[in-house]
Amino acid sequence: MSTIVNEVRKGFYLDSVALMRLSAEIAAMGGIEEAVLMIGTPSNLQIMHDAGVLNATGENAGPNDLVIALRADGKGSANRALAHANKSLEGGALTSSQTEAKARTLRGGISLHPQANLALISTPGSYAAREARSALDAGLNVMIFSDNVSLEDETTLKQQAKARDLIVMGPDCGTAYLNGTPLAFANSLSHVTTPATTAAIAASGTGLQEFAVLLSRLGGNLKHGIGVGGRDLSDAVGAISTLQAIDLLAADNSVEQIVLISKPPGANTAKEVFEKLASCGKKVIACVFGYQQSDMPAGIEYAANLRDAAELASGNQFIEQGVEPLASELAAKVNSDGKQIVGLYSGGTLCTETQLALQKAGLNTASNAPAGTSANADNADNAAGSHLILDLGADEYTVGRPHPMMEPLVRVDAFTDALNNPSVAVIILDVVLGYGAHEDPSRAIVEVLSNHAVSHRPVIIACICGTESDPQGLQAQRNALTDAGIIVSNSNCGAAELAAAVVQHVS
Amino acid sequence: MIKATITSLGDVARNVLQEGAGVVLAVFNSSLYLQCRQSLCCVGTSSLPRGPLNAVSTLQKFGRIAAGDHWQFADNHLTIGNYCVLSVAHTARWVSPTPPEHPVDLQQLQNIAATIHHCLKRHYVPPDKAVAIEIESRINHGEQALQQWLINNSDTPAVFVEQLLGSGDGLTPAGDDLLLGAVVTLKYLQIEPYASLLGNTIVSLCSTRTNQISQAHLCAAASGHANELLYHLLQQCTGNREPNDALLACIAQLLNYGHSSGVYTLRGTAIVLSFVAGLSAGSVSQS
């Protein structure tokens, strides 16, 4: 079975002789059936498609991008060839030019890419609004990765954008997919070959990542993931970007269904958002954390969690063995004092989803980022006896330190404490892969465990938010965790359900 | 800082420099592109042919210049990054040769076109890989459509221009090179309204169908300007002489220009020459 691998280098120019030489070198490598390096013009994309070397990644290239397209007899050959291509392109063996790396200002970026229509702002929060305003003035849509942008600035920027037929994604928009292209912290979906007909609107961060990953595992494909920021659906902002996103997605004929992933909207905003969604002419699925089915208006399908949302969107379901036999087996390994679940999350939305899943199972929870009926973990009296689900990416853990998605060692202290705590029965961990994430997030977990015998430690359940085409490789990360005796769940929701079942067996 | 000289400057290149400042878009072994807004200037070593976008310099290499570096032009000096200062104080302006004022001998032109086709045929290597076969197929269709458009005097060349633009490997795709050869030859021979129709169509479509660098060359070509190698050939073609060694040398120069740019440029030129050679006497270059 042939494997097609594409890589797109944005704004990358290589002279013809170097292009041809490298194409020929790669084509001559063992196991390579076809290899080309071509600029991504519409005609060339059609040519590569007709020649059977283009996949969804390559389809997103533009005329000023270089497409590396390979067809090989297997993943091993393809990866070797791609590595050779990248080494040649980056090692200076070929004289080339990568334009985007050198822009130092917004103005410089616009000069280098006059055709660009989006600016990604990632500056300290106090400067982000000013840069976003400059981008809007230059006619660019804006994705604000930065946090700590004031509510007033957010509202003003979104109103200015709307008046110019532009959109502001964010602030604190950590993840987005536009036309299949991942932006900021995002998973690679390049291995997915099915047509991308699903679009999502989300806050957005790991919720959107988890949805995109689960959808891809179920055979679906995400075309757009528009991040609107965590406050957009509040009454203060009035869902300005969400409403614009619905209009944009409704107008995209290739989008067949829209998935909304969010916290509960403000009371006044909810009506307008759901009315627009229900009348947008597409199938709509809403995963609103904390909503019940009865809260959902007619015409919108209800998803209780991200797994449900992915299953509804794909039309397929995960084949689960059922948690009971495994939960019973794991409960037997828990020491006699172990009663508590501790969740140590790098993803905020995953932390929320776990709290709600445990509450649904009848368990009390506490968190530094409370959701549903969770107690505030800072209040020791209220939190006593609750299962502790922590968002280690929250501000109080990341001031002056890297985010745990970028540096898993940040989680080591909390993980070690939980391992040494005899009252802990289950530890849940998220392992987030993809662009921007640590190159080997499982390593820090496995290294900590090397000092703890399997027989004297809590049950550890992990969910990996990642795909096989992510830079870290899903299978490699899964193997590292399972080799260390960690149970790896298909989804975050599944991890929470299994953890709940284990402590209920213990009880 | 290395000090050097620009020996030849095309008009498009001069206009870019006169904008005063910009960034380096791309750097290659023996040339680089300077950008200011949408316009480009190509600075090269002495191996770079003279042309509308080109600033031929005495530099030997472009070490330590990277895409994104800034350039500025003031007081007859071009400064690129922290690497070099190029003087244009004694630079020659290069302009495209003017079309022939005498009538072109169509019988001789027919012989010359046949010679070029013969050379192209000898130079041709059949594609053996799927992508190369697809490219060749697309180029062949485009060539045939160009021929039919010329012969049938059709209204718009948009369909085949769109098909050819951005088709093929290389920095300037094969289809772009072919269109460049065709439109510059039509312009040089003043074959109207074909030259204007084709030029206008290329300009209107190229911004979305090919990369910035190829666009810049195509826009110059649509105005009748290309690098000197093509004019050397066109001057031989319109010299009303039998095919001779000078012609063969010009053909060989083009065939060996770039990886395949010269070949496809020649293919575009050959189609137009064959068409023009078939026109009735007196319809060519009577200005």
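## What helix α16 of chain A packs against

In this predicted model, the buried residues of α16 in chain A pack against four neighbours of that chain: β16 (340-345), β20 (424-432), α17 (441-449) and β21 (459-465).

So which residues are the buried ones in this helix, which runs over residues 412-420? They're A:Val412, A:Phe415, A:Ala418 and A:Leu419. Because they cover an arc of only 130° around the axis, they end up on the same side of α16(A). Now look at the face turned away from that buried side: there you'll find the exposed residues A:Asp413 and A:Asp417.

## Rings that pair up

Next, the aromatic rings. Over all chains, the count comes to eight aromatic pairs, where rings of Phe, Tyr and Trp pair if their centres lie within 6.5 Å.

Take B:Trp94 and B:Tyr231, which form a tilted pair: their rings are 6.2 Å apart centre to centre, with 50° between the planes. B:Trp94 sits in strand β9 (residues 92-94) of chain B and B:Tyr231 in helix α8 (residues 228-237) of chain B, so this pair ties together parts that are 137 residues apart in sequence. Are B:Trp94 and B:Tyr231 buried or exposed? Both are buried.

Chain B also has a ring cluster to look for: ring pairs link B:Trp149, B:Phe160, B:Tyr194 and B:Phe275.

## A charge over a ring

Back in chain A, here's another kind of contact with a ring. What sits over the ring of A:Phe12? That's the charged end of A:Arg9, 5.4 Å from the ring's centre.

Key: Residues are numbered from 1 along each chain as its sequence is written. Chains are lettered from A and ligands numbered from 1 in the order in which they are written. This is a predicted model: local features need pLDDT of at least 70, side-chain atom pairs count only at pLDDT 80 or more; totals for chains, interfaces and linings use all residues. Side-chain values use heavy atoms; hydrogens and water are left out. Buried means under 20% relative accessible area, exposed over 50%, partly exposed in between (1.4 Å probe, protein chains only). Helices (H or I, at least four residues) and strands (E, at least two) are DSSP runs, numbered from the N terminus. The arc is that of the directions from the helix axis to the C-beta atoms. Contact means heavy atoms within 4.5 Å. Rings of Phe, Tyr and Trp (its six-membered ring) pair if their centres lie within 6.5 Å; planes under 30 degrees apart count as stacked, over 60 as edge-to-face and the rest as tilted. A charge sits over a ring if NZ of Lys or CZ of Arg is within 6 Å of the ring centre and within 35 degrees of the ring normal.
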